[in-house]
Amino acid sequence: MEMAVLAKSFAQCKISNYSVGAAALSKSGKVYLGFNLEFPGTCIQSTLHAEQFAFANAFIHQDHDIIRIAVTATPCGHCRQFMAERSICDITVLLNDESEIKELKLLEDLLPLAWQGSEQLSTINDSCEGIMQDSFAPYSGSKSACVLHAGSRSYSGVYIESPAFNPSISPLHSALVSFASSKLNLVISKADQLPESRDWDLHADFKDSIDRVVLTQVSDCQINQFGMCQDIVNSLSPNIEIENKQ
Ligand SMILES: [Zn+2]
């Protein structure tokens, strides 16, 4: 699928210079593009992988039925775990820029005996108001949301939790996915509506456009998104202090 190769052209990988693209097909027929995001000056765990970006792109558009994903590089173990939790079953791995299918794999072949949660890991039923309600935090109960303000426009994202915890996607990451998705048209409804390939610099665009970042978390949450989110915002635009609300 050439869409994953197109997505790769937008990758923001100033640390590794290793670009990866992904294209996730939903049951609805829409395709959600994704690419890797890296943030110089922050901890390495703050990176977002292309497969997670594509999934988050679908999630923030209220589409939860990804059935197949094409990736320009073999998925790492972290992403295999993330996709196993989401029951994404078919994975197409592409050769780098050739648009040539290298291998079609089922996820169960890539990750046999996948861990999908433990009986000891109980899920929490909680509710909260506003955008945080769309957040997925059934294990910690720590729902959170982040809104990037750009003048009269805004881009919002929510926390997307993983049962394995570490592959979880922070609300800032999904807000950045929303920002990139809107800027680059990363949701494809028809094959002839592909976004134009162009040079794009997340850091430059963020610095030019975003004037406020608001993080909202449930009170008494077991985890706190603020520290990592502020580190990433510092990497993108050193003058913005996150407004941290509960
Ligand atoms: Zn990965």
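This section describes strand pairing and helix packing in a predicted model.

Strand β1, spanning residues 21-26, is mostly covered, with 5 of its 6 residues buried. Two strands pair with β1. Strand β2 (residues 31-35) runs antiparallel to β1, and 5 bridges connect the two; within this pairing, Ala23 is bridged to Leu33 of β2. The hairpin made by β1 and β2 has 4 residues between its strands, and Gly29 in this hairpin adopts a positive phi near 95°. Strand β3 (residues 66-71) is likewise antiparallel to β1 and is joined to β1 by 5 bridges. Here the bridge partner of Ala22 is Val71 in β3.

A second hairpin is formed by β6 and β7, with 2 residues between the strands. Its strands pair in the antiparallel sense over 6 bridges, β7 comprising residues 153-158. Ala150 has Arg153 of β7 as its bridge partner, and Gly151 in the turn shows a positive phi of about 60°.

Strand β6 also takes part in the packing of helix α7. In this helix, which covers residues 226-236, the buried residues are Cys229, Ile232, Val233 and Leu236. Viewed down the axis of α7, these buried residues fall within an arc of 100°, and they therefore line one face of the helix. An α-helix has 3.6 residues a turn, so residues three or four places apart point the same way. The buried residues of α7 pack against two strands and two helices, namely β6 (144-150), β9 (212-217), α5 (171-184) and α6 (202-209).

Methods: Residues are numbered from 1 along each chain as its sequence is written. This is a predicted model: local features need pLDDT of at least 70, side-chain atom pairs count only at pLDDT 80 or more; totals for chains, interfaces and linings use all residues. A residue is buried if 20 or more other C-beta atoms lie within 10 Å of its own, exposed if 12 or fewer, and partly exposed in between; C-beta atoms are placed from the backbone. The arc is that of the directions from the helix axis to the C-beta atoms. Two residues are in contact if their C-beta atoms, placed from the backbone, lie within 7 Å. Two strands pair if DSSP finds at least two bridges between them.
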